[in-house]
Amino acid sequence: MSDQVLVELTFPGVAAWVPLARRWVSDALMAAGHRDMDGARLVTSELVGNAVLHTGSGRPGGLVMVRVSEVADAVARIEVIDEGAKASPHPRRSDDDECGGRGLWVVQQSSIRWGTRNAPLRWNLVWAEVSTLEALGAGATS
């Protein structure tokens with residue numbers, strides 16, 4: 001299966017749009033027949049949240065774009081394109097008592113693979129591929 005874009009959204013770079021983006025991604029994947037949206041929702045939240053907090057997209061009038069593609073029967077690719085920052089996005093190690101700073105580490109741990117493309121101060125594209133296959137035993141009751 002080649003990449004098939006399921007949804008592409010552009011919205012204001014404000015925190016209130018993070019849960020809406022997460023919902024759109026989940027709904028698009030569900031409509032395409034994917035079964036487990038947890039990884040996709042988590043990755044979307046982290047990537048869009050980072051775009052709003054750490055890039056030009058979070059300035060007044062800034063925009064964020066999210067594109068969701070199906071790359072296999074049970075794999076989705078989430079891309080977040082923002083208006084750029086001074087530094088390239090990368091995971092960092094946070095101290096245990098810090099409240100933030102783990103977003104890309106969470107993306108790294110929650111995805112099959114992930115990466116970035118950027119033109120510093122112009123735009124960033126951060127992507128992650130996540131499994132949407134329902135985990136064995138999910139939904140089982142004892």
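**Helices and sheet: a short conversation**

Trainee: In which handedness does H2 pass H3?

Mentor: Happy to start there, keeping in mind that this is a predicted model. Where H2 passes H3, the crossing is left-handed.

Trainee: Why is H2 described as roughly antiparallel to H3?

Mentor: Look at the axes of helix H2 (residues 38-54) and helix H3 (residues 103-110), which come within 9 Å and cross at roughly 150°. Angles over 145 degrees count as roughly antiparallel. Therefore H2 is, relative to H3, roughly antiparallel.

Trainee: Which residues in H3 are met by H2, and how do the residues of the contact divide?

Mentor: H2 contributes Leu42, Val43, Glu46, Leu47 and Asn50, and these meet Gly103, Leu104, Val106, Val107 and Ser110 in H3. The residues of this contact of H2 with H3 divide into six nonpolar, three polar and one charged.

Trainee: Good, on to the sheet. Which are its edge strands?

Mentor: The sheet is open, with five strands in the order S1-S2-S3-S5-S4 and antiparallel pairing. An edge strand pairs on one side only, and that holds for strand S1 (4-12) and strand S4 (113-119).

Trainee: What is the bridge partner of aspartate 82 in S5?

Mentor: Strand S3 (residues 75-82) and strand S5 (residues 123-131) run antiparallel and are joined by eight bridges. For aspartate 82, the partner in S5 is asparagine 124.

Trainee: What angle does the direction of H2 make with that of S3?

Mentor: H2 packs on the sheet and touches S1, S2, S3 and S5. Its direction makes an angle with that of S3 of about 10°.

How values were computed. Residues are numbered from 1 along each chain as its sequence is written. This is a predicted model: local features need pLDDT of at least 70, side-chain atom pairs count only at pLDDT 80 or more; totals for chains, interfaces and linings use all residues. Side-chain values use heavy atoms; hydrogens and water are left out. Axes are lines fitted to C-alpha atoms, for helices over the stretch in contact, and angles run from 0 to 180 degrees between N-to-C directions. Helices (H or I, at least four residues) and strands (E, at least two) are DSSP runs, numbered from the N terminus. Angles under 35 degrees count as roughly parallel, over 145 as roughly antiparallel, 65 to 115 as roughly perpendicular and the rest as oblique. A crossing is left-handed if the near helix is turned anticlockwise from the far one by less than a right angle, and right-handed if clockwise. Contact means heavy atoms within 4.5 Å. Ala, Val, Leu, Ile, Met, Phe, Trp, Tyr, Cys and Pro count as nonpolar, Asp, Glu, Lys and Arg as charged, and the others, Gly among them, as polar. Two strands pair if DSSP finds at least two bridges between them.
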